[in-house]
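Work through the exercises below with the sequence and the model open. Try each task before reading its solution.

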Amino acid sequence: MRIAMISEHASPLAILGGEDAGGQNTHVAELSAALAAAGHDVRVYTRRDAVDLPVTVRSPDGYDVVHVPAGPAEPVAKDALLPHMREFSRWLVDQWRGGDWMPEVIHAHFWMSGLAALAASRQTGVPVVQTYHALGVVKRRHQGVQDTSPARRIGYEQELGRAVDRVIAQCRDEVGELVRMGVPRSRMTVVPSGVNLGTFAPLGPAAEREDGRPRILTVGRLVERKGFQTVVRAMSYVPEAECVVVGGPPAGLLETDPYARRLRALAVSCGVADRVRLVGAVPREEMGRWYRSADVLVAAPWYEPFGLTPLEAMACGVPVVGTAVGGIKDTVVEGVTGDLVPARDPRALGAAIQRLLDDRIRRFAYATAARERARRRYSWAATAERLVEVYGDVAAVRRPTRVVA
Ligand code: UDP
């Protein structure tokens, strides 16, 4: 099939780890690669955010990345991108109408891509599949006044859910949220993200570690909702272990990063500073080394639309202690591949980590089951196959177009 991916702020080519870069970049890159490997013709449309970017870049994984001129050719925070979405969709329509490549389906990632996709669809009749990746209503609930999303985000997300041809929910928790938003259940299909089982495997090089000290690893953008403060506090209840935090700005910029400074100050006040190490951003191809060096992967977000890092750790055969939120409740099977604790509860988190560190047999059993679960249920090839079924279903239904002069 000819598939247009729209990922307005998250380029599959972007370096991961910045505040606006994370799982969506990985998701779009891996999904596009898996679809291309299955013989599909994939173009990923993302905003041109630097003057020297060529219009089209061929990814080594067999798909094209097209840089769409919409707004200034410089980095713009995603919360400031909404005004440029009209320009984004106009450019798409011009390209598709004027060229020799018309997609059979548009798969939009994130709500603003959905708006651009829907506008383009109204002119071309191409059906739209929507993955939200994150929901404004959940973000508002947890971040309150600190949520910097445009005020109309929640309303737009509701409208999108009723207007697109299919909504992809990434986990059961998201289905519940979408139903409460008024999105009809009949429009939804649950298709989880996948994990690259080649990159993330139990065998391979591992990052160095100190002798005799168990390693707790936690990974993600250095933002408050990822719960790193809870992890640092939990270290008081895990007296022997070291905690390695991977992610955030590159190592050289950690000194000046306000959140990294807060975490360091917290570690000092909890008396664990000598056992907490911030590594900074690590390139994607290096991530396996870090997972493999860990005894336990801790994922302690307040909320998590899907959460790739627990799954990546599982694929490497590393047990997970996670908070019982969002997608983590689907990927981690409590008592089988890891343990789940309530969010924002350092004592419960610390106790769960310590219990696992004290029990080598349980860790081994979790590790084996985790790898097996990742392998059987979360390959990108399987995710791509399920999505192609959805694409085929929506493409089989003709949509009306509104042609404008
Ligand atoms: N990641 C990375 N380098 C880092 C930190 C994270 O490559 O230094 C990757 C990580 O392996 C995962 C993604 O970034 O693939 C984070 O995805 P997740 O769903 O956990 O969080 P999000 O950033 O989407 O909220």
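**Exercise 1. The two domains**

How far apart do the C-alpha centres of domain 1 and domain 2 lie?

Solution. Start with the ground rules. Residues are numbered from 1 along each chain as its sequence is written. This is a predicted model: local features need pLDDT of at least 70, side-chain atom pairs count only at pLDDT 80 or more, and totals for chains, interfaces and linings use all residues.

Step 1. Divide the protein chain into domain 1 (2-194 + 380-395) and domain 2 (215-377). These bounds come from an automatic or database domain assignment.

Step 2. Take the C-alpha centres of domain 1 and domain 2: they lie 28 Å apart.

Step 3. List the contact, where two residues count if their C-beta atoms, placed from the backbone, lie within 7 Å. Domain 1 gives 19 residues and domain 2 gives 16 residues.

Step 4. Find the elements on the side of domain 1 that touches domain 2. H1, helix H4 (136-143) and helix H6 (172-180) each supply at least two residues. Helices (H or I, at least four residues) and strands (E, at least two) are DSSP runs, numbered from the N terminus.

Step 5. Sort that side of domain 1 by class: six nonpolar, nine polar and four charged residues. Ala, Val, Leu, Ile, Met, Phe, Trp, Tyr, Cys and Pro count as nonpolar, Asp, Glu, Lys and Arg as charged, and the others, Gly among them, as polar.

**Exercise 2. The eight-strand sheet**

Give the strand order, and explain why one side of E3 and of E8 has no neighbour in the sheet.

Solution. Step 1. The open sheet runs E3-E4-E2-E1-E5-E6-E7-E8, with mixed pairing. Two strands pair if DSSP finds at least two bridges between them.

Step 2. Strand E3 (56-58) and strand E8 (188-190) are at the edges with a single partner strand each, so one side of each lacks a neighbour in the sheet.

Step 3. Ignoring direction, neighbouring strands here are turned by 25° against each other on average. Axes are lines fitted to C-alpha atoms, for helices over the stretch in contact, and angles run from 0 to 180 degrees between N-to-C directions.

Step 4. Check one pair. E5 (residues 105-109) and E6 (residues 128-131) are parallel over four bridges. His109 stands opposite Thr131 in E6.

Step 5. Add the helix. H1 lies across strand E1 (2-6), strand E2 (41-47) and E5, at about 160° to E2.

**Exercise 3. The six-strand sheet**

Which strands stand at the edges, and which helices pack on the sheet?

Solution. Step 1. The order is E11-E10-E9-E12-E13-E14, an open sheet with parallel pairing.

Step 2. The edges are strand E11 (276-280) and strand E14 (338-341).

Step 3. E10 (residues 242-246) pairs with E11 over four bridges. Val244 has Arg277 as its bridge partner in E11.

Step 4. H10 packs on the sheet, touching strand E9 (215-219), strand E12 (296-299) and strand E13 (320-323), at about 170° to E12. Helix H12 (residues 346-357) touches E9, E12, E13 and E14, at about 165° to E14.

**Exercise 4. The ligand shell**

How many residues surround the ligand, and from which domains are they drawn?

Solution. Step 1. Count residues whose C-beta atom, placed from the backbone, lies within 6 Å of the ligand. There are 20, and the closest are Gly22, Gly23, Gly247, Leu308 and Thr309.

Step 2. Helix H1 (23-37) and helix H10 (308-315) are the elements that give two or more residues.

Step 3. Domain 1 and domain 2 each contribute at least three residues to the shell.

Step 4. By class, the shell has eight nonpolar, nine polar and three charged residues.

Note on methods. A residue is near a molecule or strand if its C-beta atom, placed from the backbone, lies within 6 Å of it.
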